[in-house]
Amino acid sequence: MTKSERTRQFIIEQSAAIINKKGVAGTAISDLMEATKLAKGGIYGNFENKDEICVEAFDYLTGLVARGLDSAIANKQTAREKLFALLDYYHDNLATSETGGCPLLNFGTEADDTNPELKQRVAKGIKRSQQRMIKLIEEGQAAGDFSKRTDASLFALKMFTMIEGAIFASRVTNNKAMMKSVVDMLKKEIDAL
């Protein structure tokens, strides 16, 4: 990695949590300058504009979440155990996270009307999240642990939207109880699949 690539990555890593918390519109270049201890020219020497930093920060944050989910399910044996681990990861790491919560939710809420490139990336992230869930449900069906009558796509949609809604409600109310209730409900439904 070259020095400029390292600097660029440093800016992304230092900016990501700030943008995830404050939002694209709410984050000023001065916030990024303070976090990175770089002058405006040091930042704009590596990025064309703030939108480019925000897109890269989104990719960085969703990568962290994906790696966290992969790690959470890595040593689980059954699809049920993997789905439970996935739910626990969301509960433990995104409901009241210091880094601002779920980047899909945060960036998506803001980008839906203002930033087509970011909106497209969020849409792909949502699809990847649901695909991960579908794959685990289908894995459980293939192993005979879940009924083949369960529509994996519909259950994944339900699971994803309930998780994101619970993250939103937990963060806004600063109360993890809602997230715990949703996780518990989904675990009961998974046990009944």
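**Close-up 1. Cys102 and its distance from Cys54 in the predicted model**. In this predicted model, the cysteine sulfur closest to that of Cys102 belongs to Cys54 and lies 16 Å away, too far for a bond. A disulfide requires the two sulfur atoms to be within 2.5 Å, and the 16 Å between Cys102 and Cys54 therefore rules out such a bond. Cys102 counts as buried because its relative accessibility is 3%, a value under the 20% limit.

**Close-up 2. Cys54 as an unpaired cysteine**. No disulfides are found when the whole structure is searched. Cys54 accordingly takes part in none, and its nearest cysteine sulfur, 16 Å away, is that of Cys102. With a relative accessibility of 1%, Cys54 is classed as buried.

**Close-up 3. The span annotated as "domain: HTH tetR-type"**. The annotation comes from UniProt, where an unreviewed entry assigns residues 5-65 to this feature. Within residues 5-65, helix accounts for 77% of the span and strand for 0%. The C-alpha atoms at the two ends of the span are 22 Å apart.

**Close-up 4. Gln130 in helix α7 and its contacts**. Helix α7 comprises residues 116-142 and includes Gln130. Once neighbours within four places in sequence are set aside, Gln130 is in contact with Ala156, Leu157 and Phe160. Gln130 has a relative accessibility of 18% and so counts as buried, the limit for that class being under 20%.

Notes. Residues numbered from 1 in each chain as written. Predicted model: local features only at pLDDT ≥ 70, side-chain atom pairs only at ≥ 80, totals over all residues. Heavy atoms only, no water. UniProt positions renumbered as here; feature names shortened; annotations may be inferred. Helix = DSSP H or I, 4+ residues; strand = E, 2+ residues; numbered from the N terminus. Buried < 20%, exposed > 50% of the residue type's maximum accessible area, 1.4 Å probe, protein only. Contact = heavy atoms within 4.5 Å.
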